[in-house]
Amino acid sequence: MNLSYQVEDLPLKHTFTIAHQSRDVQDTLIVKLQDDARIGLGESTTNPFYGMTISNMTECLESVRPIVEKSGWETPAELWDLGKEIFKENPFAQCALDMAAWDLYAKKCGVKLYELLKLDPAAIPTTNFTIGIDTVEKMVSKMKEVHWPIYKIKLGTSDDLAIIRELRKHTDAVFRIDANCAWTAEQAITYSEELSQLGVEFMEQPLAKDDLEGMKEVYKHSKLPVIADESCIVEADVKKCKGLFHGINVKLVKAGGITPGLRMLREAKSYGMKTMVGCMTESSVGITAIAHIAPLLDYVDMDGAMLLAKDPAKGVVITPEKVVFPEGNGIGAEMVF
């Protein structure tokens, strides 16, 4: 078994702005696990908000190299458990390794990952397409550039309702709102009344992640379902979200990979909560991995590669009508340069 990795810069088609950051380029780490002729690929982007850098991710991977290459692990779950103490403060690096392990393991089994997980790709919900914060004119232009049945609109400005009113004039598509922790409970409750009349399906993470008292009020009085993101990072958070949110958005990089992500989704379902997986502007490596587990979901946000001006990988092809998987086994994504 051999562990290696490479850094890629992912240029975006447009500046991407959310409530707490903007970026034109997203750097990402591609992890490779090679066993004989088979190669498993995994990915994790960096993220300044969570303190995740190429440097600290590669440092963690070097620390776990002896375990990866010499411990004789068989399944991704075994490798995840072996490395969990090393990756305790760096789930992003663990995600990239875990994803590569699942890719390699499914290839060894001679099946696609969704087949290994006994999932039906016909059950994949349509992904949303994300519109970052910008001038209203540019947000409208981005919608017209990519005609899509569901748009996820990033908010967190002083004119959030005005933005949605204007965008609604230009499309009949379903809207999903993501405030990225920018609102107060009073704002979220008040906004939900009009947003529910403007074709908004749900609100994602309206309040700061630790504002539990505020979320109790929002959960009780909101006219729209509320989905947790920043409030649901790791497995222990799922139970905490019960009774505060109607569903959870699992980000594989924050959770530590597919292995814990699957457990989080199953736990949420056991509570009767809606399930979603989101992306972090990954290349087609990370996006294709998400697509394989998407049949488990009520909602999915896997448009990351669609936002790129240049993708160093190829994998799943996503249209409003269907998801087309690569021919190969495992995750099936491949680096193209």
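What follows is a chat between a biologist and a modeller about a predicted model.

Biologist: Let's start with the rings. What makes Y50 and F92 a tilted pair?

Modeller: Two numbers. Their ring centres are 6.2 Å apart, and the cut-off for a pair is 6.5 Å. The planes meet at 40°, while stacked needs under 30 degrees and edge-to-face over 60. So 40° leaves tilted as the label.

Biologist: Where do the two residues sit in the chain?

Modeller: Y50 is in the loop between β3 and α1, and F92 is in helix α3. They are 42 residues apart, so this pair links distant parts of the chain.

Biologist: Why is Y50 called partly exposed?

Modeller: Its relative accessibility is 26%. Buried means under 20% and exposed means over 50%, so Y50 falls in between. F92 has a relative accessible area of 2%, which makes it buried. Y50 and F92 also belong to one aromatic cluster with F49.

Biologist: And what makes F202 and Y299 a tilted pair?

Modeller: Here the distance is 4.8 Å centre to centre, with 50° between the planes. That distance is within 6.5 Å, and the angle is neither under 30 nor over 60 degrees, so tilted again. F202 lies in strand β7 (residues 200-204) and Y299 in strand β11 (residues 299-300), 97 residues apart. F202 counts as buried at 0% relative accessibility, and Y299 counts as buried at 12%. The count of aromatic pairs comes to 5.

Biologist: On to the sheet with β1 in it. Why are β1 and β3 called edge strands?

Modeller: The order is β1-β2-β3 in an open sheet with antiparallel pairing. β1 (2-18) and β3 (38-45) each pair on one side only, so they are the edges. Neighbouring strands of this sheet are turned by 20° against each other on average, ignoring direction.

Biologist: How do you know that β2 and β3 pair?

Modeller: At least two bridges are needed, and β2 (residues 21-35) shares 8 with β3, in the antiparallel sense. T28 stands opposite T45 in β3. Helix α1 (residues 54-70) packs on this sheet, touching β1, β2 and β3, and its direction makes about 150° with that of β1.

Biologist: Which residues of helix α2 are buried?

Modeller: In α2 (residues 76-83) they are P76, L79, W80 and G83. They cover an arc of only 100° around the axis, so they lie on the same side of α2. Their cover includes α1, α3 (91-109), α9 (235-241) and α11 (258-270).

Biologist: What makes you call strand β9 mostly covered?

Modeller: In β9 (residues 247-251), 5 of 5 residues are buried. G247, N249 and K251 point one way, I248 and V250 the other way, and all are buried.

Biologist: How do you know that β8 and β9 pair?

Modeller: They share 2 bridges, in the parallel sense, and at least two is the requirement, so they pair. I227 has G247 in β9 as its bridge partner.

Biologist: Last one: which residues touch the most other members of the largest nonpolar core?

Modeller: Of its 107 residues, L97, I153, I164, W183 and L195 do. Helix α3 gives the largest share, 10 residues. Leaving aside neighbours within four places in sequence, L195 is in contact with L161, I164, I177, W183, V200, M203 and L224.

Key. Residues are numbered from 1 along each chain as its sequence is written. This is a predicted model: local features need pLDDT of at least 70, side-chain atom pairs count only at pLDDT 80 or more; totals for chains, interfaces and linings use all residues. Side-chain values use heavy atoms; hydrogens and water are left out. Helices (H or I, at least four residues) and strands (E, at least two) are DSSP runs, numbered from the N terminus. Axes are lines fitted to C-alpha atoms, for helices over the stretch in contact, and angles run from 0 to 180 degrees between N-to-C directions. Contact means heavy atoms within 4.5 Å. Buried means under 20% relative accessible area, exposed over 50%, partly exposed in between (1.4 Å probe, protein chains only). The arc is that of the directions from the helix axis to the C-beta atoms. A nonpolar core is a set of buried Ala, Val, Leu, Ile, Met, Phe, Trp, Tyr and Cys residues joined through side-chain atoms within 4.5 Å. Rings of Phe, Tyr and Trp (its six-membered ring) pair if their centres lie within 6.5 Å; planes under 30 degrees apart count as stacked, over 60 as edge-to-face and the rest as tilted.
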